[in-house]
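Biologist: Could you teach me how to read a protein model? I would like to take one feature at a time.

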Amino acid sequence: MKAVIYEAFNQRPKLVSLPEPAPERHGVVLKVEATGVCRSDWHGWVGHDADIVLPHVPGHELAGVIVASGKDVTRWKAGDRVTVPFVGGCGHCPECHAGHQQVCHNQFQPGFTHWGSFAEFVSIHNADLNLVALPDAVEFATAASLGCRFVTSFRAVVDQGKVAAGQWVAVHGCGGVGLSAIMIASALGANVVAIDIAEDKLELARALGAAATVNARSTANVVEAVMEITGGGAHVSLDALGNPQTCFNSILNLRRRGKHVQVGLMLGDHSTPVVPMSRIVAHELEILGSHGMQAHRYDVMMPMILSGKLKPELLVGKTISLEESIDALISMDRFQGIGTTVITRF
C-alpha cells in the first residue's frame, strides 16, 4: 500500500510502499477514503508525543470502509462505512467501564500509539467498542473532519462547557477546532465571540454563527474587548489554539463562576503555561480539559448533522492527495488556509 512515513522527528516524511496491515483479533482494517491533516499530527512529527515510536505513519482523523475484521469482532463486517474517534478505549479499565473511553488508561490513538491513516489502509483496534457507523448521507471527507477537531469541540462545548442558549461563549482561535466550536455553540443558541488574528478566518466565523469577532492583531486588549461585548465576561471560554497567551486571555475574559475549557493542545515549551490563579480562586472559575469524545456520544451529535443543525461539511477547506499531505503536514505550524485540509486522493 502507499503510505506517508517519517523516520526521524522534524525530518521530511516520504511517500513509500508498505505492507498492508492485518486486523488484530479484536480489530478491523479499513480502506481509508479520507483522512484529515491536523495540527496534532504536526505535534507528533516534531516530537511532542511520547507515544510515537519511529518510523511512523501519521494520521488520526479518518473515515473509510471495512475490508477485513478479526475473529472476535461481532458488530462489523466488510463493506461497512465507518469512522472512529481519535482516542479509542480498551474496554477493560475503570474509565471505559464508566463510559469515559476518551480518558482510557490504556487508550490507543491511530497515528500516535500505532501507525495511522496517511495510508491506503489502516488497522483499528477494539472495533466493537470504538467504531462509529457512518450514514450514507455523510461524505467521507466530512466524516474525516469530525474525527478530532469537530468531536473534540462538541464534547468541549456540550459535555464539558455545558453551554446553554443565551450564554456568551468566547472562542480563542479560529482554526478547525475553533470554527467547529463556534458552529456547535451557535446551534445551541449561545452568543459566540470569535477571536483570531486573521480577518478571513473571522469572516468565516461570522458566517458560521459568531455574534461578534475580535481581531487580536489589531485590538489593544483582547480581554477588555470580550468583556465589553459580553457585558461582563463570557460564561464559557475555550482556548481552541493551545498557546500560553490564548489560554491566559480565555481565563481572564470569563465572568464570575465562568468556565474555561482547554481544547488546544499545549505541548513542548507550552506545556506548563502561566495562569491567573488569583482570579481563578477569587471568581470561583472552573478550569476544564477536553480530550476527544467517546464513540457512543456520536449518537447525540450525528442526528444534529443529519438534520442540518450542524454542518461540518462547511469546515472542509481543501482536499488534497496523499503525496500533497507531506507539505501540508510540515507547514501546519504556519496556520495557513481556512478550514480543515482533508486527504481524499490516494
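Modeller: Gladly! Let us begin where a helix begins: Asn221 caps the N-terminal end of helix 7, placing a side-chain oxygen 3.2 Å from the backbone nitrogen of Val223. Helices (H or I, at least four residues) and strands (E, at least two) are DSSP runs, numbered from the N terminus. Please keep in mind that this is a predicted model, in which local features need pLDDT of at least 70 and side-chain atom pairs count only at pLDDT 80 or more, while totals for chains, interfaces and linings use all residues. Residues are numbered from 1 along each chain as its sequence is written, and side-chain values use heavy atoms, with hydrogens and water left out.

Biologist: Thanks! Which residues of helix 7 are buried?

Modeller: The general idea first: an α-helix has 3.6 residues a turn, so residues three or four places apart point the same way. In helix 7, residues 222-230, the buried ones are Val222, Val223, Ala225, Val226 and Thr230. They cover an arc of only 160 degrees around the axis, so they sit on the same side of helix 7. The arc is taken from the directions that run from the helix axis to the C-beta atoms. Glu224 and Glu228, on the other side of helix 7, are exposed. Buried means under 20% relative accessible area, exposed means over 50%, and partly exposed lies in between (1.4 Å probe, protein chains only).

Biologist: What do the buried residues of helix 7 pack against?

Modeller: Their partners are strand 8 (168-172), strand 9 (191-196), strand 10, strand 11, helix 8 (244-252) and strand 12. After helix 7 comes Gly231, with a positive phi near 70 degrees.

Biologist: Those strands sound like a sheet. In what order do the strands run?

Modeller: Strands of a sheet pair through backbone hydrogen bonds, either parallel or antiparallel. Here there is an open sheet of 6 strands with parallel pairing, in the order 10-9-8-11-12-13. Strand 10 (212-215) and strand 13 (286-289) are at the edges with a single partner strand each, so one side of each has no neighbour in the sheet. From one strand to the next, the twist averages 20 degrees. Pairing requires DSSP to find at least two bridges between the strands.

Biologist: Could you zoom in on one strand?

Modeller: Try strand 11, residues 234-239. It is largely enclosed by the rest of the structure, because 5 of its 6 residues are buried. Strand 8 runs parallel to strand 11 and is joined to it by 4 bridges, and strand 11 also pairs with strand 12 (residues 254-262) in the parallel sense over 5 bridges. Asp239 takes part on both sides: His172 has Asp239 as its bridge partner in strand 11, and Asp239 has Gln262 as its bridge partner in strand 12.

Biologist: Which helix packs on the sheet and touches strand 11, strand 12 and strand 13?

Modeller: That is helix 4 (residues 140-160), whose direction makes about 145 degrees with that of strand 12. Axes are lines fitted to C-alpha atoms, for helices over the stretch in contact, and angles run from 0 to 180 degrees between N-to-C directions. Contact means heavy atoms within 4.5 Å.

Biologist: And how do I read a pair of helices?

Modeller: Two packed helices are described by the angle between their axes and the distance between the axes. The axes of helix 4 and helix 10 (residues 298-306) come within 11 Å and cross at roughly 100 degrees. That makes helix 4 roughly perpendicular to helix 10, a label used for 65 to 115 degrees. Among the residues making the contact are Phe150 and Phe154 of helix 4 and Tyr298 and Met301 of helix 10.

Biologist: Last topic: unusual backbone spots!

Modeller: Most residues other than glycine have a negative phi, and most peptide bonds are trans. Leu54 and Pro55 are joined by a cis peptide bond, with omega about -5 degrees, and Pro55 lies in the loop between helix 1 (39-46) and strand 4. Asn126 is not a glycine, yet its phi is positive at about 45 degrees. Glu284 is not a glycine either, and its phi is positive at about 50 degrees.

Biologist: Is Asn126 buried or exposed?

Modeller: Asn126 is buried, with a relative accessible area of 19%, whereas Glu284 is partly exposed at 48%. Asn126 is also one of the residues in contact with Gly27, which is itself buried at 0%.

Conventions
A polar contact is a pair of N or O atoms within 3.5 Å; within protein, one must be able to donate a hydrogen and the other to accept it, and residues adjacent in sequence count only if both atoms are side-chain atoms. Angles under 35 degrees count as roughly parallel, over 145 as roughly antiparallel, 65 to 115 as roughly perpendicular and the rest as oblique.
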